[in-house]
Amino acid sequence: MQQVYRYLHAHKSVWMTFLTLLALFTISRLALSVWLIERITQDSLFELLWGGFRVDVSTSAYLLLPVLLLVFFGYFLPTRWQYFVNKLCQSYIVLLITSVVLFEIATPAFINQYDVRPNRLFIEYLQYPHEVFSMLVNGHLFTLVVAVVLCGATAFVTSQYIAHHKATSSNVGWVTHSLLSLCCLIALALMARGTLGHRPLNPSLVYFSQDALVNSLTLNSPYSVAFAIKNMRSEASAQALYGALDKQKIIQLVRNEAYKSAFISDEFPTLSREPSFYQGQQKNLVIVLEESLGARFVGALGGSGLTPNFDQLYQQGWGFKNMYATGTRSVRGIEAVITGFMPSPSRSVVKLSKSQHQFYTLASALSQQGYTTQFIYGGESHFDNMKSFFLGNGFSDIVDINDIESPEFVASWGVSDEDLFNQADKELVALAQSNQPFFSLIFTSSNHDPFDIPKGKVSLEDDFKSDNRARDLAIKYADHALGNFITTAQKRDYWQNTIFLVVADHDVRVFGSEPVPIKSFHIPAVILNSEVNAHADERLVSQIDLPVTLLSLLGVQEPSPMIGYDLTKTYPTQRAMMQYYDNYAYIENDKVAVLMPGKKASYWHYDVKNKQQHAIMPSTELEQIKEKALAHVLFSSLAYQKQLYRSNVNHRQVVKVH
């Protein structure tokens, strides 16, 4: 026993680190639970804390395995090498504990924005340090300062009181050292595995709620991010998450629900050629993709009334009262509006490797019709891999922050929306003078955290109730800039022959206790200048319906793999689909099936008019909707992996970059 004591005492930095990690994870979870107590039922608190403790033990064990391995092998090294092993162990421990503190400090702000613990978005944003740092300094300076101070203090305390012990020296023989180290390694490995069952610990073993936020609280933030990274390595994860279907069954169900007149290829199973609504001369197309604009802010949709200009567009054009986004990120909105591709648990195709060339987009389709195709963005176009995806898939002209002439205001994410629209007007005037049809995608950014906008442009009434005045001012400013742009465009020669679509990419944030809070996916969308008379369209529709509809309004009848509905027509059902982290919702009329990883599907009734959602019991009809949901999400992965969603590009694109 004395040798065991000597061994443990010599390596107490390892065990102190283990206990410190457990304490940090536990304190953070308790604090978050108190903060979010309204979302946690009394019956579920024990499950949350017990499941969380299991995850924390597993995480701490995983993180300490490298140190224990160094302890084991360092003993057998020459004395001069043991010094370096000690320093390596000490540095690792300081970095480890400090990183955990940083992750947990960042968690409340992330939850406040995304209603879930840090996940893959946390890593994806780190790919753009300039934009992220600018956003933190301009919009989250207090949080940034607190994080720096606490992380500095953590690093100091850890180096002085935890990591300074020598991890490779012990007054025991090599046999005892080997046996005890081996026992500790086995114990740590078992704790890391988290269970003696067939499969190791994973989120599905501790998830118990239909509230995605509550489930995420059972994890700790480092584990949540690490698990997301693991899933990101395999983009064909839908089957692993939700289950399998026979390939022919998948194709049959997807084809049946697309309601196309005829499919023309077995090699590309969703390829079809449909008659178009418009039969006249070629028209131009402009899409304005509005950043983070949920229906809850739009007066025409029953929202808070921050968008009088957008409200006016609903009076002037074909306005969709029940349009639903497919996801919670801009790249998901781009994916749906520009490609008509269905959402999946993988990253958006904008960022995936196999979709960087010959992937079907509106730009690739229209370029074959002789259109000039253009993307205009007020920030850096490389963000979220947009530039690479667009240039590889039909866009011939990229205009970004480097091309904006004399901007008056530059914010964290780029120039102001007014500067963006001023440049867009110049670009459209020039395109119109070329006597060639054009398609231009304009992507705004002013309504993005930290909501940095020009001063004095807009204001909120004193009696306006707001839980986030900076956000609401940014929304009002974005609407102000949009209104000015449309007013200017209406005076230009290109206006009469140009179809405009103004649509949001997603809401500013998604929140709710449901596994997929559907009301948070409700967004505005209006089509202007089409041959369809101005009216309010009450149907439940999805972003993936928009590109199909636009091609029909433009008179393009070339084959397309898109399965969205041409909204100039009527269909037997109304549907929408959306991805919320690892949960997938498929809505058919007022019934909803939600697929969740490692769990049975849940079923819901959704009142489109009142945006009320409540759980319902399974039925034969709902089981059929679940099968359709599974088929569509599996086809999304299949179509990407097997490259079934191809454009018919038979000529070499001429690419121009300013």
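**Figure 1. Lys611 in the loop between two strands of the predicted model.** Lys611 is partly exposed, as its relative accessible area is 22%. In this predicted model, Lys611 belongs to the loop that runs between strand S14 (602–607) and strand S15 (612–615). Its phi is near 55 degrees, a positive value in a residue other than glycine. Most residues other than glycine have a negative phi.

**Figure 2. Ser292, a buried residue with positive phi.** Ser292 is not a glycine, yet its phi is positive, at about 50 degrees. The residue is placed in the loop between strand S1 (284–290) and helix H14 (308–316). With a relative accessible area of 5%, Ser292 is buried, because buried means under 20%.

**Figure 3. The cis peptide bond at Pro450 and the lining of the largest cavity.** The peptide bond that leads from Asp449 to Pro450 is cis, and its omega is near 20 degrees. Most peptide bonds are trans. Pro450 sits in the loop between strand S7 (438–443) and helix H19 (469–489). Pro450 is also one of the residues that line the largest cavity. Others in this lining include Trp413, Val415, Ser445, His448 and Asp452. The cavity encloses about 60 Å³ of space, and its lining divides into 4 nonpolar, 6 polar and 1 charged residues. The structure holds 4 cavities of 30 Å³ or more.

**Figure 4. Surroundings of Asp384 in a loop.** Asp384 is located in the loop between strand S3 (372–377) and helix H17 (386–392). The residue counts as buried, since its relative accessibility is 2%. Its side chain forms a polar contact with the side chain of Arg329, at 2.6 Å. Apart from neighbours within four places in sequence, the residues in contact with Asp384 are Tyr128, Arg329, Val331, Val350 and Lys351.

**Figure 5. The second largest pocket and its helical contributors.** The volume of the second largest pocket is about 950 Å³. The pocket is lined by 43 residues, of which Phe110, Tyr125, Val132, Met135 and Leu136 are the closest to its centre. Two or more lining residues come from each of H4, helix H5 (120–126), helix H6 (129–139) and helix H7 (141–161). H4 gives the most, with 8 residues. By residue class, the lining of this pocket comprises 27 nonpolar, 10 polar and 6 charged residues.

**Figure 6. Gln82 in helix H4.** Gln82 is part of helix H4, which covers residues 79–114. Its relative accessible area is 16%, and Gln82 is therefore buried. Val71 is 11 residues away from Gln82 along the chain, and the C-alpha atoms of the two residues are separated by 9.5 Å.

**Figure 7. Phe485 and the largest nonpolar core.** The largest nonpolar core has 159 residues, and Ile287, Phe439 and Phe485 touch the most other members. Helix H21 (residues 620–641) provides the largest share of this core, with 11 residues. Not counting residues up to four places away in sequence, Phe485 touches Val288, Phe421, Ala424, Asp425, Leu428, Ile442, Tyr494 and Phe500. Another core, of 26 residues, lies apart from the largest nonpolar core, and its members include Val14, Phe18, Leu22 and Ala163.

How values were computed:
Residues numbered from 1 in each chain as written. Predicted model: local features only at pLDDT ≥ 70, side-chain atom pairs only at ≥ 80, totals over all residues. Heavy atoms only, no water. Helix = DSSP H or I, 4+ residues; strand = E, 2+ residues; numbered from the N terminus. Buried < 20%, exposed > 50% of the residue type's maximum accessible area, 1.4 Å probe, protein only. Polar contact = N/O pair within 3.5 Å; in protein donor to acceptor, adjacent residues only side chain to side chain. Contact = heavy atoms within 4.5 Å. 1 Å grid on protein atoms, 1.4 Å probe; cavity = no way out; pocket = protein on both sides within 12 Å on 5 of 7 lines; lining within 4 Å. Points joined across faces, edges and corners; volume = space filled by probe spheres on them. Nonpolar A, V, L, I, M, F, W, Y, C, P; charged D, E, K, R; others polar. Core = buried A, V, L, I, M, F, W, Y, C linked by side-chain atoms within 4.5 Å.
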